[in-house]
Amino acid sequence: MPPLLHPALPLLLGATLTFRVLRRALCRLPLPVQVRADPLRTWRWHNLLVSFAHSIVSGIWALLCVWQTPEMLVEIETAWSLSGYLLVCFSAGYFIHDTVDIVASGQARASWEYLVHHIMAMGAFFSGIFWNSFVGGGVLTLLVEVSNIFLTIRMMMKISNTQDHLLYQVNKYVNLVMYFLFRLAPQAYLTHFFLHYVGQRTLGTFLLAVLLMLDMMILIYFSRLLRSDFCPERVPRQQHKDKFLTE
């Protein structure tokens, strides 16, 4: 069915509006002292709160999908479940919302890496949503949201200048472990799968290209993470001061 007539469109619209309403609700929460005085930090904080909520829901949901439908670990192209399909729609709605939020807030230039990531992710998710293929791959990709829970905590603590707290010190090691387990490992597994199984197919070739670009971005983020948390003396003090991606 052509995408303009596809029944998944109400799901995407509903998910996008859900995150918009959630953002409005979260904006009513009190802000840390270090955040409320700076409009840019205030926007970052609200944006990260929505991201945090999405990561908690999507990360747990992805784990449940794999537990309920373990075939997704092997039949990445053909494995399908209603729960997995709804999860992919839900997360696509988040990426649509976040893209609009970044652009509407005038942060497109500072957050261009996020926009590139979101566009690639939406392109991959739409293959599962509109053509009912690679839903399993989409679910495995969303295991990364388990890692994002701890990554977002880290970013929020840096924005609020609370890196000296014990929670930050504990979280940075937990975050490192989760980065390996739920970001690097699934990404490596999916890359291996596409290289050896669907790399020569039309849609598979497109998804492989997207995956390889995401691989490159993830490795760059990982190097920044290691440098910032474990080799801070190598990070210039004023580097990327206005960047959305807090190192």
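Let me start at the end of helix H7. H7 is followed by Asn-161, whose phi is positive, near 60 degrees. This is a predicted model, so please hear every value as computed from it. Asn-161 is not a glycine, and still has that positive phi. Asn-161 belongs to the loop that links H7 to helix H8, residues 166-198. Is Asn-161 buried or exposed? With a relative accessibility of 43%, Asn-161 falls in between and counts as partly exposed.

There is another residue of this kind. Phe-134, also a non-glycine residue, has a positive phi of about 60 degrees. Phe-134 sits in the loop between H5 and helix H6, residues 135-141. Its relative accessible area is 6%, so Phe-134 is buried. To put the pair side by side: Phe-134 is buried, whereas Asn-161 is partly exposed.

Back to H7 itself, which covers residues 144-159. The check on its length goes like this: at 1.5 Å a residue, 16 residues should span 22 Å, and the C-alpha atoms at the two ends of H7 are 22 Å apart, so the two values agree. How much of H7 is buried? Of its 16 residues, 14 are buried, and H7 is therefore largely enclosed by the rest of the structure.

Now the overall picture. The protein has nine helices and zero strands. Read from the N terminus, the order of elements is α-α-α-α-α-α-α-α-α. There are 247 residues, and 52% of them count as buried. Take the contacts between residues at least 6 apart in sequence: 74% of these join residues at least 24 apart.

Next, the helix packing. Two packed helices are described by the angle between their axes and the distance between the axes. I have three pairs to go through.

The first pair is H3 with H7. Their axes come within 8 Å and cross at roughly 160 degrees. Angles over 145 degrees count as roughly antiparallel, and H3 and H7 are therefore roughly antiparallel to each other. H3 passes H7 in a left-handed crossing. Sorted by class, the residues in this contact are 12 nonpolar, seven polar and three charged.

The second pair is H3, residues 39-68, with H4, residues 82-104. Here the axes come within 10 Å, and the crossing angle is roughly 165 degrees. That angle makes H3 roughly antiparallel to H4. The crossing of H3 past H4 is left-handed. Which residues meet in this contact? On the H3 side they include Trp-43, Asn-47, Val-50, His-54, Val-57, Trp-61 and Cys-65. On the H4 side, among them are Leu-86, Leu-87, Phe-90, Tyr-94, His-97, Asp-98 and Asp-101. By class, this contact of H3 with H4 has 11 nonpolar, nine polar and two charged residues.

The third pair is H4 with helix H5, residues 112-131. These two pack at an angle of about 150 degrees, with a distance of 9 Å between their axes. H4 is therefore roughly antiparallel to H5. Once more the crossing is left-handed. H4 contributes residues including Tyr-85, Val-88, Cys-89, Ala-92, Phe-95, Ile-96, Thr-99 and Val-103. From H5, the residues in contact include Tyr-114, Leu-115, His-117, His-118, Met-122, Phe-125, Phe-126 and Ile-129. The class count for H4 with H5 is 15 nonpolar, five polar and one charged.

I will finish with two residues of H3. The first is Trp-43, which is found in helix H3 and is one of the residues that meet H4. Trp-43 has a relative accessibility of 9%, so this residue counts as buried. Where does Ser-105 lie relative to Trp-43? In sequence the two are 62 residues apart, and in space their C-alpha atoms are 8.1 Å apart.

The second is His-46, also placed in H3. His-46 counts as buried because its relative accessibility is 9%, and the cut-off for buried is under 20%. What does His-46 touch, leaving out residues up to four places away in sequence? The answer is Arg-23, Leu-26, Cys-27 and Leu-31.

Notes:
Residues numbered from 1 in each chain as written. Predicted model: local features only at pLDDT ≥ 70, side-chain atom pairs only at ≥ 80, totals over all residues. Heavy atoms only, no water. Axes fitted to C-alpha atoms, helices over the stretch in contact; angles between N-to-C directions. Helix = DSSP H or I, 4+ residues; strand = E, 2+ residues; numbered from the N terminus. Parallel < 35°, antiparallel > 145°, perpendicular 65-115°, else oblique. Left-handed = near helix turned anticlockwise from the far one by under 90°. Contact = heavy atoms within 4.5 Å. Nonpolar A, V, L, I, M, F, W, Y, C, P; charged D, E, K, R; others polar. Expected span 1.5 Å × (residues − 1). Buried < 20%, exposed > 50% of the residue type's maximum accessible area, 1.4 Å probe, protein only.
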